[in-house]
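User: I am new to reading structures. Can we walk through this one together, step by step?

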2 protein chains.
Amino acid sequence: MPIAPYIYSTMNSRMSSVIRRMFEEGAILKKKYGEDAVFDFSIGNPDLEPPKGVVKAIEETAALRVTGSHGYMPNAGYPETRSAMAQKVGREQGAALAAQNVVMTAGAAAALTCVLKAILSPGDEVIVSAPFFPEYAHYAANHRGVLKPVSARPDFSLDIAAIGDALSEKTACVLINSPNNPSGKVYSQEDIIALAETLTAHGKKTGRLPYLVCDEPYRDIVYGGKKVAAVFPHYSAAAVVSSFAKNLSIPGERIGYIAANPAMSDRDDFIAACIFANRILGFVNAPAFFQRVVAASWDSPVDYSLYTERRNMLMAVLDKAGYEYAVPEGAFYLFVKVPAKKGFAQGLADDMGFCDHLKSHLALCAPGAGFGCPGWFRMAYCVSKKTIEHCGGALQKAREAWQ
Amino acid sequence: MPIAPYIYSTMNSRMSSVIRRMFEEGAILKKKYGEDAVFDFSIGNPDLEPPKGVVKAIEETAALRVTGSHGYMPNAGYPETRSAMAQKVGREQGAALAAQNVVMTAGAAAALTCVLKAILSPGDEVIVSAPFFPEYAHYAANHRGVLKPVSARPDFSLDIAAIGDALSEKTACVLINSPNNPSGKVYSQEDIIALAETLTAHGKKTGRLPYLVCDEPYRDIVYGGKKVAAVFPHYSAAAVVSSFAKNLSIPGERIGYIAANPAMSDRDDFIAACIFANRILGFVNAPAFFQRVVAASWDSPVDYSLYTERRNMLMAVLDKAGYEYAVPEGAFYLFVKVPAKKGFAQGLADDMGFCDHLKSHLALCAPGAGFGCPGWFRMAYCVSKKTIEHCGGALQKAREAWQ
């Protein structure tokens, strides 16, 4: 009566759950040393409360007395909610979407899981730019797909030539995440167009046009006037997956969506397959209550300027503590270089070891190896300003003790 | 750029989505002919509204002003909610459960999906008693498991000898559903004990003790003094999956749980694997809001006597219209024999054809073939009394036109 060997070995591999384990160990450390003594940068759990529009929509939904309002609806979601999302994505992508182009899901993770179930056959490949969100590997493996990471350029932008080289007849999709978790990179419009051209050429040559899946939960969180590029006008076989975890600060409620480019040649099959996947994977439908909430409140997001403050504060703290990092253009993560250790050649920095070392200084960060990018670590700065203000001493001491 | 061939063929197979399609076609028919003209018995979408305790808990949760109350929590759920569920299952099973024995999930479908992900290796078998809930086949196939149906006895009780014959070293689990959807059968305490003995003997012989997974969303909906048997005292390797879709009438909100027998020998691994599956399958966690709602309201269920009324009414209608059926002991489904067609040998009744025929009389029912039991069809009577009162004419005409 053992559990499945694959699950046993995967769940006990150190890499597999390093971020979540940090988050859960953080709770234990806080109990032991006090909330204020622990600097928890482990996970993207926004510290901003949901904005007023969301709070109001929650109250209104709670007060609603409509027969069947907590009952089943079509697996794709409420027509009104799908319609609101079509409006949202239409505005972002500069394309006219109908409600029928949208499937409501239990968060962006569920959305991506459904898309991959819809398109992957055993052995099919999902190309990602490294560093990437580590759960992608599981989401592909669940459906017998294979994640194929391609290293980003040194500034963490897409390496289009390398992606082109990685394409094959096994490529079901290219999965991009802009702003990127963990690097904070926002891919330029030029790079998106170049990627679209590369994929189009590959499709013409091989007869298999890869899907381009855009994971965009951080789309609205950008700095210095950056803008996340539209994809739909440049590539027909594109779909967006997203959620309201970050821009409405409700990650625990699990509400998101899939939106397909109206110009996609097999669009109706694609949407039908995503709806079917939503059902047979056991999601059934996105939670009814928060479908109503986001339909009413999607256009009144949190005050992103608060993340700008946090970002600038943390960059100043890291400068002072003597760390190198990539300046984030979006999202709320700082990707930081592991300090070189005396006696080790550069590039051999041990990010797992350094994150353990940071933990002994009560600072919780996620090692880059988990993101396919060893030698770096990630700090999620969606935390209180107090945490950022006071972490400098611990970070500096940790660096000095390491070197 | 096609979707995955497996998904394409499965989603377009007539059987695969016959119930959901009925539900969605029903909405179209109601628009065309009016709500009152269509007799929709297609799906288990309770017509009872959530009870007062739930409505109150929703209002209180909406009014809650606690920092991070919509944020991430541990993947297993809130400790308070897990603790409340441990109390619930402990009472039902006559066993002392701790919060650590429970994982909160996005409904019973998600719960079962996570359990199967945790225990299935490729080719492993899941034994079910036919008739069974059709989605089981997908839930097993998602993780490369194989559903192995074993026909029930003529009264729809478990055929323990046949289940014993079906066991092999590939058997990862036996999955039972009491009260059963679609037959309404409640398995007796004697049969549960006999099943436990059979599984224990098999485990001793082969070294692989199968899990016994009890899918119990209808546990509290029983008739004539029936009681759903406890399993934990009789079999260590047992787990319950359930939800609040039926007893709190909130199926659209997707909230449920997994509870493991505290006596299970690998209990901690099993729970850890379910939590890990919850994460990597993209569920991440059960919706935060309804975790709070059910923790507060699980013990104030809907008034089940209303289902007793509906059951008795529908049995009287079917008697008058000339149908044979299995008297339900629980749940809210009536499993009805397809009337013999002139010129056909008994047992060759075409349930798919008869359900199409019923649809032409504006009565929507689900064919038994979808449940692994051809020659029957299912009527979900969690519908208004008006629907039940007025359907008799259509059912009778349909039978007469068929014969």
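**Sheet, symmetry and contacts**

Analyst: This is a predicted model. In chain B, four strands make an open sheet, in the order β9-β10-β13-β12, with antiparallel pairing.

User: Which strands of chain B stand at the edges of that sheet?

Analyst: Look for strands with a single partner. Such a strand has one side left without a neighbour in the sheet. In chain B, the strands at the edges are therefore β9 (325-326) and β12 (366-367).

User: Which residue in β13(B) is the bridge partner of Pro367(B)?

Analyst: β12(B) pairs with β13 (residues 376-380) of chain B in the antiparallel sense, over two bridges. The bridge partner of Pro367(B) in β13(B) is Phe377(B).

User: What kind of rotation axis relates the two copies?

Analyst: Chain A superposes on chain B with an RMSD of 0.0 Å. The operation is a rotation of 180 degrees, with 0.0 Å of shift along its axis. The copies are thus related as by a two-fold rotation axis.

User: Which residue of chain A comes closest to the rotation axis?

Analyst: The distance to compare is that of the C-alpha. At 3.2 Å, the closest residue of chain A is Ala62(A).

User: Which helix gives the largest share of the side of chain A that touches chain B?

Analyst: The contact takes 71 residues from chain A and 71 residues from chain B. Several helices of chain A supply at least two residues each to its side, among them α1 (5-12), α2 (18-33) and α9 (267-280). The largest share is eight residues, and the helix is α9(A).

User: How many residues on that side of chain A are nonpolar?

Analyst: Split the side of chain A that touches chain B by class. It has 16 polar and 12 charged residues. The nonpolar count is 43.

User: Why do the copies meet through the same surface?

Analyst: Compare the interface residues of the two chains. The copies meet through the same surface because the share of interface residues of chain A that are also interface residues in chain B is 100%.

User: How are α9(A) and α1(B) placed relative to each other?

Analyst: Two packed helices are described by the angle between their axes and the distance between the axes. Here the axes are 10 Å apart, and the angle is about 80 degrees. Angles of 65 to 115 degrees count as roughly perpendicular. So α9(A) and α1(B) are roughly perpendicular.

User: Which residues of α1(B) make that contact?

Analyst: α9(A) brings Asp269(A), Ala272(A), Ala273(A), Phe276(A) and Ala277(A). By class, the contact has seven nonpolar, no polar and one charged residues. From α1(B) come Ile7(B), Tyr8(B) and Met11(B).

User: How many residues of domain 2 of chain A are in contact with domain 1 of chain A?

Analyst: Chain A is divided into domain 1 (5-51 + 303-402) and domain 2 (52-297). Their centres, over C-alpha atoms, are 27 Å apart. Domain 1 of chain A puts 27 residues into the contact, and domain 2 of chain A puts in 30.

User: Where is the cis peptide bond that leads to Pro179(A)?

Analyst: Most residues other than glycine have a negative phi, and most peptide bonds are trans. Pro179(A) sits in the loop between β5 (171-177) and α8 (189-206) of chain A. With omega near -5 degrees, the cis bond runs from Ser178(A) to Pro179(A).

User: What is the phi of Arg254(A)?

Analyst: Arg254(A) lies in the loop between β7 (238-243) and β8 (256-260) of chain A. Arg254(A) is not a glycine, yet its phi is positive, at about 55 degrees.

Notes
Residues are numbered from 1 along each chain as its sequence is written. Chains are lettered from A and ligands numbered from 1 in the order in which they are written. This is a predicted model: local features need pLDDT of at least 70, side-chain atom pairs count only at pLDDT 80 or more; totals for chains, interfaces and linings use all residues. Two residues are in contact if their C-beta atoms, placed from the backbone, lie within 7 Å. Ala, Val, Leu, Ile, Met, Phe, Trp, Tyr, Cys and Pro count as nonpolar, Asp, Glu, Lys and Arg as charged, and the others, Gly among them, as polar. Two strands pair if DSSP finds at least two bridges between them. Copies are superposed by least squares on the C-alpha atoms of residues with pLDDT of at least 70 in both. Domain bounds come from an automatic or database domain assignment. Axes are lines fitted to C-alpha atoms, for helices over the stretch in contact, and angles run from 0 to 180 degrees between N-to-C directions. Angles under 35 degrees count as roughly parallel, over 145 as roughly antiparallel, 65 to 115 as roughly perpendicular and the rest as oblique.
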